[in-house]
Amino acid sequence: MIIEDVDFAAMYQAHLKKANRSHKTSDHWDKRAEEMAVSCANPNDPYIRDFLAMMDLTGADTLLDMGCGPGSICLAAADRFEQVYGVDYSAQMLTVCRRRAVQLGLGNVNLLQRAWEDDWQDIPVCDIAVASRSTLVGDLHAAMYKLNQHARLRVYTTHTVSPTFIDPRIIRAIGREVVTLPNYLYAVTVLEQMGIHPKVDYITSLNCQGRDNSYEDFEHSVSWSLGGLSEAETMALRQFYDSHKQPGKPLLAGDRSWAMVYWDKVDLD
Ligand SMILES: C[S@@+](CC[C@H](N)C(=O)[O-])C[C@H]1O[C@@H](n2cnc3c(N)ncnc32)[C@H](O)[C@@H]1O
């Protein structure tokens, strides 16, 4: 078999299934909105600083931020654009994003409630389209195509590099097989097969979603990421926590790398 024989979009979907990445509804993200505003959206966070630094803003007046969450990118970048558009399917994420925009005194932030899978006809085409940490979608080919079509100049997307969302030691401790998710490789290959030759760079950041201050928080984070835990897994998790947790030291994976996959808009049709 040679590379041209591989359907990377289909392989990505099979890999997602193997990694047990079940489709999450907007309710899941609604519950995370307040904590993500604190832990993921600080404009001084190195991830956000690196993301903004990698963007070429030449000639760009408008920004589309797909899966904007609490506004991590669109609010941090708002003062560099005439208008920014934040899009997310979670109503609560948009509420938090709107509140933050008001607190920051930003008058050029437009928010729309849409999913990756929805019709985007009423979402404005913008000079730059970004999707930050929001690319773990069911259909990667459709998502990358939509972003390209909604950009006039350039597209910036970040994807997981190789990690599981939870520290592999924890996954082994509860008796599950560790399946990594090198999502960016699929993004690059799916784009290549669409006729887009993206560039790749890397951002290293702390895991901003995991909580392990108490056992209850820890169990909640692990269970949420793994799509639920059986009784036996929960007992094994408790044992792992009790034997490994040290006061003041994080137990969940500390380091997460993101790949920035970016390209100049390509006329595909
Ligand atoms: C990990 S957060 C990233 C938020 C923000 N972009 C950042 O970098 O901090 C993922 C975001 O994608 C959104 N999301 C997940 N699946 C989505 C879908 N199918 N359609 C629209 N938004 C989605 C979630 O609601 C959440 O706000």
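**Notes on the helix crossings and the ligand site**

1. The crossing of α9 and α10 is right-handed. Bear in mind for this and everything below that we're looking at a predicted model. The two elements here are helix α9, residues 215-226, and helix α10, residues 231-244; their axes come within 11 Å and cross at roughly 130°. That angle is not over 145, the cut-off for roughly antiparallel, so α9 and α10 are oblique to each other.

2. Now for the other pair, helix α1 (residues 8-18) and helix α8 (residues 183-194). Their axes cross at roughly 160° and come within 9 Å. Since angles over 145 degrees count as roughly antiparallel, that is the label for α1 and α8. As for hand, α1 passes α8 in a left-handed crossing.

3. On to the ligand. There are 19 residues around the ligand, and the ones that come nearest are Gly67, Ser72, Asp88, Trp116 and Ser132. Sorted by class, the shell holds 8 nonpolar, 7 polar and 4 charged residues.

4. A few polar pairs are worth pulling up on screen. An N or O atom in the side chain of Asp88 is 2.6 Å from an oxygen atom of the ligand. Gly67 uses its backbone instead: a polar atom there sits 2.7 Å from a ligand nitrogen. Glu117 has a polar side-chain atom 3.1 Å from a nitrogen atom of the ligand. As for cover, the ligand on its own has 590 Å² of accessible area, and the protein covers 95% of that.

Conventions:
Residues numbered from 1 in each chain as written. Predicted model: local features only at pLDDT ≥ 70, side-chain atom pairs only at ≥ 80, totals over all residues. Heavy atoms only, no water. Near = heavy atom within 4 Å. Polar contact = N/O pair within 3.5 Å; in protein donor to acceptor, adjacent residues only side chain to side chain. Areas by Shrake-Rupley, 256 points an atom, 1.4 Å probe, with all protein chains shown as cover. Nonpolar A, V, L, I, M, F, W, Y, C, P; charged D, E, K, R; others polar. Axes fitted to C-alpha atoms, helices over the stretch in contact; angles between N-to-C directions. Helix = DSSP H or I, 4+ residues; strand = E, 2+ residues; numbered from the N terminus. Parallel < 35°, antiparallel > 145°, perpendicular 65-115°, else oblique. Left-handed = near helix turned anticlockwise from the far one by under 90°.
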